[in-house]
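Colleague: I am new to this structure and would like a close look at a single part of it. Please take one sheet, begin with one pair of residues, and work outwards from there.

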Amino acid sequence: MLDSKLIEKLTRIVGPENITTSRQDMICYAYDATQVEFLPDAVVHPANSQEVSEILMLANIEHFAVFPRGAGSGFTGGSLPKSGGIVLVTTRMDRILRIDTENLIAEVEPGLVTEQFQQAVEKLGLFYPPDPASLKFSTLGGNVAENAGGPRCIKYGVTRDFVMGLEVVLPTGEIIRTGGETYKGVVGYDMTHLMCGSEGTLGVVTKIIFKLLPYPEAKKTMLTIFDSIDGAAKAVSTIIGNKIIPTTLEFLDYAALQCVERRFKLGIPPEGRAVLLIEVDGDRELIEKQAANIHELIKPLGLVQFRVAQNAAESDELWRVRRLVSPSLKDINPNKYNEDIVVPRSKVPDIIRAIEKIQQKHGITIVNFGHAGDGNIHVNVMVDNSIPGMEEKAHLAIKDVFQAALDLNGTMSGEHGVGLSKAPFIEMELSPQQIRAMKAIKAALDPNNILNPGKMFPWP
Amino acid sequence: MKNNIQDPLKRIEEELKKCVKCGACRANCPAFNVFGRETAVARGKVALVQHLIKDDLELDQDTYMAMSKCLLCGSCADKCPNDVPTDEIVIAAREALAMKRGTTTFHGALGLVMKNRMLMKLGAALGYVLAPLYYKKVPATSGLRLRFPVPFIGNKRHIPMLAKKPFIDRHPEVIQGEPGKPRIVFFVGCMTNFAYTEIGEAALALFRHLGCTVIIPKGQQCCGVPVISGGDINAVQELAVKNLEAIEKYESDYVVTACGSCGGALHQLYPSVIGKRNPDLKQRLDVLAAKTIDASQLLLKLGLKPAETGAGEKVRVTYHDSCHLRTSGVAKQPRELLRNTPGVEFVEMEGADRCCGMGGTFNVYHYDASMAINDPKSRAIIATAAQVVATGCPGCILQISDGLKQHGSSVKVMHTLELLARQLAAGK
């Protein structure tokens with residue numbers, strides 16, 4: 001608990017309107033999308049890096065924990081105040097500081113919502129591609145901290161690939177600039193990319209310089225349905241093997257397909273076993289050619305349906321099948337554990353088969369969909385936790401899924417991060433030496449362990 | 001049990017479990033957009049109600065304020081990936097909170113909280129003097145009284161003039177049309193009946209033009225939306241039953257509304273909130289819901305061809321989506337009608353689907369926030385250089401007029417039906 005003197009000091013930093021200790025606010029900043037709850041002792045909404053710096057300096061003197069938070073839409077509890085302390089919300093810092101159309105860069109504050117940034121640059125004919133599913137409400141600061149991905153990553157890369165420079169308040173309160181405005185830059189350690197994906201454990205990002213691209217002239221969406229998962233997987237490697245890099249290659253397995261069809265009756269052919277949603281973008285003539293090529297290439301692979309959208313409305317209609325997966329999953333069971341393993345893309349059929357065996361072993365349903373183009377599969381373990389023993393079963397199955405991904409040279413998380421939920425499993429993927437090196441970085445930057453403590457690693 | 005408010009909350013306990021706190025509601029909530037705090041957004045309210053049920057949250061001023069920060073626009077529920085009916089949850093919470101305070105309505109309870117702060121600011125004394133005059137002709141059960149509650153008259157809010165004679169009193173109960181043409185019941189709604197009677201006249205002209213028999217039951221009451229937003233479910237139930245009786249008295253093909261909120265009540269809130277509590281009413285309410293249709297939807301369906309005006313300049317018109325119309329699937333229809341009207345040059349505004357900030361009684365208790373929500377709306381309308389902004393809900397008309405006035409704009413705010421009727425008259 002924080003005493004009243006401390007609250008007074010914090011109030012002096014952020015102003016009385018921007019600190020709260022009411023029980024209502026503590027309840028409302030206790031959760032993210034992980035479905036666990038830890039109540040903080042206070043919530044602060046600083047306005048700038050100076051205020052963030054003063055808060056962190058105070059935390060080092062008084063030894064209380066600070067938990068940075070954007071929209072609170074994470075899936076692994078990365079922003080949750082596990083041990084009490086204060087939640088530091090970045091959403092008041094939500095300005096676009098500049099969009100530089102000559103150098104194709106933009107500088108923003110961390111609380112800006114991803115989609116609002118995209119819309120602003122698109123008005124100028126520019127493009128910020130990273131598109132996490134939460135882009136309508138997640139913040140760019142959160143995207144950087146979690147190194148968010150999305151369907152378009154196969155062609156354009158993840159958030160990290162667009163971050164050129166940062167302003168970061170270090171855990172000790174010092175404000176530093178990392179990287180910069182140049183595409184090249186090799187002076188010193190790459191602190192920028194160290195911060196990307198550090199889950200708010202190494203610093204609070206207060207400004208971000210992003211790289212932008214020209215907005216693609218056109219895009220084309222194709223909905224393709226195959227009579228086997230192998231056909232769909234073969235399609236992925238065939239397309240890429242033929243030097244076509246689509247913008248997205250989203251896939252749904254049979255269980256996901258059945259779920260959507262049962263609930264929404266989209267008219268999917270009964271022999272369909274897997275869906276690939278393919279999108280290409282770029283020069284209008286080029287993508288016409290690419291779409292035709294793709295059709296030719298995948299025809300022999302057990303293709304049962306091939307639909308091409310002729311306009312934006314039709315494209316939206318084709319995307320529906322992908323969007324409707326999540327809402328229809330609850331028809332199977334009320335509780336969902338959503339993991340996001342990655343395997344090399346040629347290994348997608350292997351991981352699907354491995355997951356099938358894990359389902360049988362534990363007697364539970366698992367639905368798979370996701371970003372086939374980069375091998376990032378959303379594995380949804382569907383259980384009913386009101387049945388005794390189910391929760392434990394789900395956790396055992398998840399552990400097996402992680403192991404299967406690692407056995408195929410994959411990773412246990414492509415997008416969601418470690419946070420609290422994956423911390424107990426991290427030793428399956430990282431060696432003791434790696435963990436020691438990472439903890440040494442943490443200790444060097446945060447000697448008093450006040451910034452987002454208890455995350456990422458198994459802590460004693 | 002400390003809070004002793006469990007009954008309404010039990011009703012929605014199962015619904016609460018659907019919420020996974022993903023945060024999608026943050027993208028669609030006009031209140032959150034202005035307040036910027038989790039207590040204002042749907043998942044925050046879900047969390048608070050969960051703690052009320054767990055009985056470890058006090059019903060103090062902060063809980064009331066959090067629950068008051070909702071416009072019941074339904075946008076969060078509409079876009080929720082998990083189908084959480086947040087509007088029902090807020091209604092149940094308000095009902096529970098009102099019970100706790102020992103008043104019949106959440107607004108009453110909230111009034112206790114707000115009164116001291118608001119009264120002086122809003123020049124209440126003047127309001128008390130004027131109120132009896134203002135509401136002389138409006139029944140005590142009308143939601144209109146909640147939209148401009150007595151202590152708040154004298155607020156900077158611009159209030160519409162009340163009509164000399166309410167719309168329903170001006171017309172016979174049944175206006176015979178051509179044989180073989182649809183028989184429609186016109187559910188007028190309080191705003192149209194007492195203040196914006198021209199909307200009612202427009203609807204009447206348009207449906208008579210199409211040969212419909214128009215029935216305007218004298219027994220119809222307030223739909224109950226402002227009352228339901230106050231959590232007084234019993235009062236809403238009484239209104240619903242009276243409306244059922246008035247409408248069922250006549251054989252009809254459609255029940256037509258010209259107000260997004262009235263339509264939402266008949267179409268969605270009656271079956272979901274009242275029907276769930278009263279299985280014996282459910283079937284009748286379901287029939288009513290199935291028959292209920294927005295005027296623009298029906299005009300299009302019946303093939304209204306707005307007449308050629310021939311002469312005169314075109315009017316530049318933009319359209320604002322009422323939340324309750326948009327979330328019930330009425331968005332394309334009014335636009336199509338306007339686009340098909342020869343005297344209209346239609347132009348889209350930016351963010352046409354964004355809330356105007358009215359929110360039933362929200363604007364009464366959070367006037368400044370309500371105008372902050374409205375601000376981008378006014379700017380977007382002005383940016384289109386339209387002469388008229390059309391919309392399908394009298395509540396929006398009131399709010400948008402207020403916003404435009406404060407921006408010093410002369411853009412006229414009209415109901416879509418008024419525009420259509422005017423073009424029709426010009427063509428004759």
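Modeller: In strand E10 of chain A, the residue that serves as bridge partner to Glu107(A) is Ile209(A). Everything here comes from a predicted model, in which local features need pLDDT of at least 70 and side-chain atom pairs count only at pLDDT 80 or more, while totals for chains, interfaces and linings use all residues. Residues are numbered from 1 along each chain as its sequence is written, and chains are lettered from A and ligands numbered from 1 in the order in which they are written.

Strand E6 (residues 105-108) of chain A and strand E10 (residues 204-211) of chain A run antiparallel and are joined by 4 bridges; two strands pair if DSSP finds at least two bridges between them. Strands (E, at least two residues) and helices (H or I, at least four) are DSSP runs numbered from the N terminus.

These two strands belong to an open sheet of 5 strands in chain A, with the order E5-E6-E10-E8-E9 and antiparallel pairing. Strand E5 (96-100) and strand E9 (175-179) of chain A stand at the edges with a single partner strand each, so one side of each has no neighbour in the sheet. From one strand to the next, the twist averages 10 degrees.

Helices also meet this sheet, and contact here requires that the C-beta atoms of two residues, placed from the backbone, lie within 7 Å. Helix H3 (residues 49-62) of chain A packs on the sheet, where it touches strand E8 (163-169), E9 and E10 of chain A, and its direction makes about 50 degrees with that of E8(A). Helix H4 (residues 114-122) of chain A lies across E5 and E6 of chain A and runs at about 35 degrees to E5(A). Such angles run from 0 to 180 degrees between N-to-C directions, with axes fitted as lines to C-alpha atoms, for helices over the stretch in contact.

As for the wider setting, chain A is divided into domain 1 (4-89), domain 2 (96-214), domain 3 (218-327) and domain 4 (333-422), with bounds that come from an automatic or database domain assignment. The C-alpha centres of domain 1 and domain 4 of chain A lie 32 Å apart, and the contact between them takes 8 residues from domain 1 of chain A and 8 residues from domain 4 of chain A.
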